[in-house]
Amino acid sequence: MNTAKFAYKPVGLALGAVSGLIAGAAFKQAWKVLEGEGDAPDATDEDRPWKQILLAAAIQGAIFAVVKASVDRSGAVAIRRLTGTWPG
């Protein structure tokens, strides 16, 4: 394993946790704007229609993917600046 990959392992783990927190907060805000409700539906919410549950899942997935990619890419760029090697 090269130095950049080794250096990126703990950074990647920490960034993964941070990206989950950021994405969760962003999804909560997005859901409030879209539906005007406090909590997004869970798949097992009996009182919520399929449309609402699937919409929430799609939005949540998109937000998590974009945030994760942004945070991972930023971490890789930072490691390259520190080590001179891309960690991928």
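In helix α2 (a DSSP run of H or I, at least four residues, numbered from the N terminus), D72 and K68 lie four residues apart and are therefore separated by about one helical turn. Their side chains meet in a salt bridge at 2.6 Å, N to O (a side-chain nitrogen of Lys or Arg within 4 Å of a carboxyl oxygen of Asp or Glu). The structure holds one such bridge. D72 is partly exposed at 22% relative accessibility, and K68 is likewise partly exposed, at 46% (buried, under 20% relative accessible area; exposed, over 50%; partly exposed, in between; 1.4 Å probe, protein chains only).

The model is predicted, with local features requiring pLDDT of at least 70 and side-chain atom pairs pLDDT 80 or more, whereas totals for chains, interfaces and linings use all residues. Residues are numbered from 1 along each chain, and side-chain values use heavy atoms, without hydrogens and water.

The largest nonpolar core comprises eight residues: A23, F27, W31, A56, I59, I63, V67 and V71 (buried Ala, Val, Leu, Ile, Met, Phe, Trp, Tyr and Cys residues joined through side-chain atoms within 4.5 Å). Helices α1 and α2 each give two or more residues to this core, and α2 gives the most, with five. Leaving aside residues up to four places away in sequence, F27 touches A40, A56, I59, Q60 and I63 (heavy atoms within 4.5 Å).

F27 also belongs to the lining of the largest pocket, as do W31 and A56. Both α1 (3-35) and α2 (50-83) give two or more residues to this lining, and the largest share, four residues, comes from α2.

Definitions and conventions
On a 1 Å grid over the protein atoms alone, a cavity is a set of points where a 1.4 Å probe fits but cannot get out, and a pocket is an open set with protein on both sides within 12 Å along at least five of seven lines; lining residues have an atom within 4 Å of a point.
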